[in-house]
Amino acid sequence: MNKHYIWNVLGWLVIVMLAVLTIPNMSKLVADKGQITVPSSYQSTRATNMQKQWGRSQRGTTAVVVVFNNGDSALTASQNTQIDKTINRIKNHEDQYEIRSMTAASDSSTAASQLISKDKSTQLLQLNVHKSSSHSVSSIRSQITTLAKTSGVKTYVTGADVLNQDFSDATQAGVQKTEIIAAIFIFLVLWLVFRSPVTPLFSLLTVGVSVITSISVVANLVDRFNFPFSNFTQVFIVIVLFGIGTDYNILLYNEFRERLARGKDRYTATKEAIKIGGGGRSFTPAYPF
């Protein structure tokens, strides 16, 4: 930006390092604070709060459902025997995996009518598992999935928190794919526009700095000050900054190149290009981001 550009580079290196070092765990942040919540005055929220008070043993737990399935066919006698062995194995590991309570179809005829499907192809096992910062939903899901594996039977683990965690994991995976696709797309567009392999790399570098810094700032605001946040915030930041940042870079590069062609030195050309870009000159985006 000026003859002493090295200080700008060093300054931004420090900012990026601080952003990377201070950014909270995004997966945990999405799982804890990225869910849309219903106001406390709504009946559904009040019912949930009441449910949390049902019995001391149920407080601080998450409901996990183990599903035993045989497709469209009824579970055979041998499969039911294997399921019973799995249920007994889970009972024997209640303390180890912090299982506060469990309800199986074999507990009573009432439980059987609710936990076994009418076509006898599916059987459920309900668990209430202690949830804490050290015993997260991800670890609970992994542990119960391993513990519930049953020979000859399709086994699944589900539940409200488990589904939310799966959605958060899928969102984070989607963000990573979005970043890769956007970077490749932007590189190709800039290469076609400027016929240079260097210009796209500088553009991606500057936009990458803005993305990392912005995500870190937003994540820290969410973590420390309960800033509004959703599963799609990170995706939105990536798409918007890659799109706007690249369009702005194309504007600056065009203005810079135009002034060099007029015979101006690179410092003057840079200052005038930045002045034009900051002045809000009309500009048609190079691609529909």
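**Helix packing, strand pairing and salt bridges in the predicted model**

Leu-252 lies in helix α9, which spans residues 233-261, and with a relative accessibility of 15% this leucine counts as buried, the cut-off being under 20%. In this predicted model, the C-alpha atom of Leu-252 is separated by 9.9 Å from that of Ala-269, although the two positions lie 17 residues apart along the chain when counted as sequence separation. A second pair is formed by Tyr-267 and Phe-256, which are eleven residues apart in sequence and 9.6 Å apart in space, again from C-alpha to C-alpha. Tyr-267 has its place in helix α10 (residues 266-278), and its relative accessibility of 28% makes this tyrosine partly exposed.

The secondary structure of the protein as a whole comprises ten helices and four strands, arranged along the sequence in the pattern α-α-α-β-α-β-α-β-α-β-α-α-α-α. Of the 289 residues in the protein, 33% are buried.

Among the strands, β1 (residues 61-69) is mostly covered, with eight of its nine residues buried. Strand β1 pairs in the antiparallel sense with β3 (residues 122-130) over nine bridges, and within this pairing Val-66 has Leu-125 of β3 as its bridge partner. Strand β1 is also joined to β4 (residues 154-158), with which it runs antiparallel, by five bridges; here the bridge partner of Asn-69 is Lys-154 of β4.

Helix α4 (residues 77-92) contains 16 residues and extends 23 Å from its first C-alpha to its last, a value close to the 22 Å expected at 1.5 Å a residue. Within α4, the residues Gln-79, Ile-83, Thr-86, Ile-87 and Ile-90 are buried, and because they cover an arc of only 100° around the axis, they are placed on the same side of the helix. Ala-77 and Asn-92, by contrast, are exposed on the other side of α4. At the surface, a nonpolar patch is formed by Tyr-5, Ile-6, Trp-7, Val-9, Leu-10 and Leu-13, which together have about 630 Å² of accessible area. One of these residues, Tyr-5, lies in helix α1 (residues 5-22) and is partly exposed, with a relative accessible area of 47%.

The structure holds six salt bridges. In one of them, the side chains of Asp-161 and Lys-131 meet at 3.1 Å, N to O; since Asp-161 belongs to helix α7 (residues 160-194) and Lys-131 to the loop between β3 and α6 (137-147), the pair ties together parts that are 30 residues apart in sequence. Both partners count as partly exposed, Asp-161 at 23% relative accessibility and Lys-131 at 34%.

Further salt bridges include that between Glu-258 and Arg-262, whose closest N and O atoms are 2.4 Å apart. Glu-258 is partly exposed, with a relative accessible area of 34%, whereas Arg-262, at 52%, counts as exposed. The side chains of Glu-272 and Lys-264 likewise meet in a salt bridge, at 2.7 Å from N to O, and these two residues are linked with Glu-255 and Arg-259 in a network of salt bridges. Glu-272 is partly exposed at a relative accessible area of 23%, as is Lys-264 at 31%.

Conventions
Residues numbered from 1 in each chain as written. Predicted model: local features only at pLDDT ≥ 70, side-chain atom pairs only at ≥ 80, totals over all residues. Heavy atoms only, no water. Buried < 20%, exposed > 50% of the residue type's maximum accessible area, 1.4 Å probe, protein only. Helix = DSSP H or I, 4+ residues; strand = E, 2+ residues; numbered from the N terminus. Pairing = 2+ DSSP bridges. Patch = residues over 30% accessible without salt bridge, like charges linked within 9 Å, V, L, I, M, F, W, Y side chains within 5 Å. Areas by Shrake-Rupley, 256 points an atom, 1.4 Å probe, with all protein chains shown as cover. Salt bridge = Lys/Arg side-chain N within 4 Å of Asp/Glu carboxyl O. Expected span 1.5 Å × (residues − 1). Arc of directions from axis to C-beta.
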